[in-house]
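Welcome to a set of short exercises. Keep the viewer open, try each task yourself, and then compare your reasoning with the solution below it.

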Amino acid sequence: MRRYGKHTDEDDIRTRPGRRNTRPRTNIRPKHEDAAEGMVLTVDRGRLTCLVDDRVVMAMKARELGRKAAVVGDRVALVGDLTGKKDTLARIVRIEERDSVLRRTADDDDPFERVVVANADQLAIVTALADPEPRPRLIDRCLVAAFDGGLEPLLVLTKSDLAPPDEILELYGALDIPYVVTSRAELETGDAADRVREQLDGRVTAFVGHSGVGKTTLVNALVSQDRRRSTGHVNAVTGRGRHTTTSALALPLPEMEGWVIDTPGVRSFGLAHVDPSRVIHAFPDLESGTEGCPRACSHDEPDCALDDWVAQGHADPARLYSLRRLLATRDRKEGD
């Protein structure tokens with residue numbers, strides 16, 4: 001089939017320019033030295049809401065960043081329209097080095113890790129004492145992720161009016177984790193929020209927990225009224241909560257320095273990405289005792305030097321038990 005008519009001349013023929021006539025490509029990228037600094041507040045379908053000075057700016061990721069994704073809490077450099085006006089869009093050209101990362105995988109067999117939050121100082125692990133029942137294995141997994149990512153853990157126990165906290169506190173007592181116990185009545189009066197707020201001043205705290213434990217309700221009590229998010233309830237048949245928070249969101253704490261990051265409720269917390277050798281760094285009283293361990297020691301085998309170290313009185317046996325329980329959590333299902 002003819003593409004051209006019977007009487008064609010040279011001007012009718014499309015020719016592809018040779019290499020010598022094309023503009024040469026370069027790997028040199030602009031440094032964007034005048035880019036403004038910002039913080040990612042939330043991510044929604046490729047659009048990132050950022051805080052630049054005191055303005056909320058909508059932005060998208062620059063192509064030169066490739067597959068590197070920005071997450072909530074990231075410190076970023078932005079160019080373009082930074083006014084924050086409606087229908088304006090800035091561009092994220094650089095993601096600064098992260099101080100900490102909270103990561104998880106879909107399950108323990110999934111090789112693809114997902115960064116949930118960046119640059120948080122603290123991980124508040126929220127669990128209900130009843131309705132739904134507490135899940136210590138999920139708490140263990142969150143603790144491992146916190147220690148691996150460089151976050152300090154905080155245990156927040158809710159609904160103490162339905163069950164006492166003694167059993168959970170005894171289980172984690174040897175870890176010396178700070179904790180706050182709250183009840184539903186205290187949430188209504190504001191007393192619970194006041195006690196939790198004491199642990200948050202001057203820090204960036206990510207909140208994580210099983211659906212239905214009251215995580216978002218607690219976050220709402222901590223932030224100003226115009227920043228509050230919708231909440232759900234626990235299904236009376238399944239005992240599970242309904243996901244109402246679908247994306248992570250950073251919120252400032254009113255009248256104090258600090259941020260809270262509300263994350264979606266989780267039903268599993270995969271640890272396929274975690275290197276067990278990094279967890280020992282969260283146990284400084286035990287770490288020095290690993291010098292005599294065999295190479296690639298799992299710290300839970302007959303030749304582990306920690307057994308003699310603890311037997312000689314250098315550390316509390318309960319601490320070694322807690323370490324080994326956390327290290328073994330990758331090999332256990334959360335319901336075990």
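A contact here means heavy atoms within 4.5 Å. Please keep in mind that this is a predicted model.

**Exercise 1: the overall picture**

Task: Describe the protein as a whole, from its helices and strands to its contacts and accessible surface.

Solution: Start with the secondary structure: the protein has nine helices and 13 strands. Next, look at burial: 46% of the 336 residues count as buried. Then turn to the contacts with a separation of 6 or more: residues 24 or more positions apart account for 64% of them. Finally, the accessible surface is about 19,500 Å², and carbon and sulfur atoms hold 46% of that area.

**Exercise 2: strand 11 and its partners**

Task: Find which strands pair with strand 11, and in which sense.

Solution: Locate strand 11 at residues 203–209. Strand 8, covering residues 122–128, pairs with strand 11 in the parallel sense over five bridges. Within this pairing, isoleucine 125 stands opposite valine 208 of strand 11. Strand 13, residues 258–262, also pairs with strand 11 in the parallel sense, over five bridges. Here threonine 205 faces valine 260 of strand 13. As a last step, check burial: six of the seven residues of strand 11 are buried, so the strand is largely enclosed by the rest of the structure.

**Exercise 3: helix 1 and what follows**

Task: Work out what span helix 1 should have, and compare this with the distance between its end C-alpha atoms.

Solution: Helix 1 runs over residues 136–149, which gives 14 residues. The expected span is 1.5 Å times one less than the number of residues. That leads to 20 Å, and the end C-alpha atoms are 20 Å apart, which agrees. For its surroundings, count the buried residues: 13 of the 14 are buried, so helix 1 is largely enclosed by the rest of the structure.

Now step past the end of the helix. Glycine 150 follows helix 1 and has a positive phi, near 85°. This glycine is found in the loop between helix 1 and strand 9 (152–158). Is glycine 150 buried or exposed? Exposed means over 50% relative accessible area. Glycine 150 has 52%, so it counts as exposed. Its C-alpha atom is separated by 7.7 Å from that of aspartate 121, 29 residues away along the chain.

**Exercise 4: burial in helix 5**

Task: Decide whether helix 5 is largely enclosed or not, and name the buried residues.

Solution: Helix 5 covers residues 215–222. Its buried residues are Lys215, Thr216, Leu218, Val219, Asn220 and Leu222. That makes six of eight, so helix 5 is largely enclosed by the rest of the structure.

**Exercise 5: salt bridges**

Task: Pick out salt bridges and say how exposed their partners are.

Solution: Recall the principle: side chains of opposite charge can pair when their charged atoms come close. The structure holds 19 salt bridges. Begin with arginine 94 and glutamate 96, whose closest N and O atoms are 3.1 Å apart. Both partners are partly exposed: arginine 94 has a relative accessibility of 30%, and glutamate 96 has 29%.

Move on to aspartate 285 and arginine 319, with closest N and O atoms 2.9 Å apart. Aspartate 285 belongs to helix 7 (residues 284–287) and arginine 319 to helix 9 (residues 317–327), so this pair ties together parts 34 residues apart in sequence. Aspartate 285 is partly exposed at 27%, while arginine 319 is buried at 9%.

The third pair is aspartate 307 with arginine 324, at 3.0 Å between the closest N and O atoms. This salt bridge links distant parts of the chain, from helix 8 (residues 306–311) to helix 9, 17 residues apart. Aspartate 307 is partly exposed at 32%, and arginine 324 is buried at 16%. To finish, look for shared partners: salt bridges join Arg103, Glu113, Asp148 and Arg278 into one network.

**Exercise 6: a surface patch**

Task: Which residues form a nonpolar patch on the surface?

Solution: The patch consists of Met58, Met60 and Leu89, with about 220 Å² of accessible area together. Place one member: methionine 58 is found in strand 3, residues 55–61. With a relative accessible area of 35%, methionine 58 is partly exposed. Patch residues need over 30% relative accessible area, and the 35% of methionine 58 can be read against that cut-off.

Technical notes:
Residues are numbered from 1 along each chain as its sequence is written. This is a predicted model: local features need pLDDT of at least 70, side-chain atom pairs count only at pLDDT 80 or more; totals for chains, interfaces and linings use all residues. Side-chain values use heavy atoms; hydrogens and water are left out. Patches are made of residues with over 30% relative accessible area and no salt bridge: like charges are joined within 9 Å, nonpolar side chains (Val, Leu, Ile, Met, Phe, Trp, Tyr) within 5 Å. Accessible areas come from the Shrake-Rupley method with a 1.4 Å probe; for residues, only the protein chains shown count as cover. A salt bridge is a side-chain nitrogen of Lys or Arg within 4 Å of a carboxyl oxygen of Asp or Glu. Helices (H or I, at least four residues) and strands (E, at least two) are DSSP runs, numbered from the N terminus. Buried means under 20% relative accessible area, exposed over 50%, partly exposed in between (1.4 Å probe, protein chains only). Two strands pair if DSSP finds at least two bridges between them.
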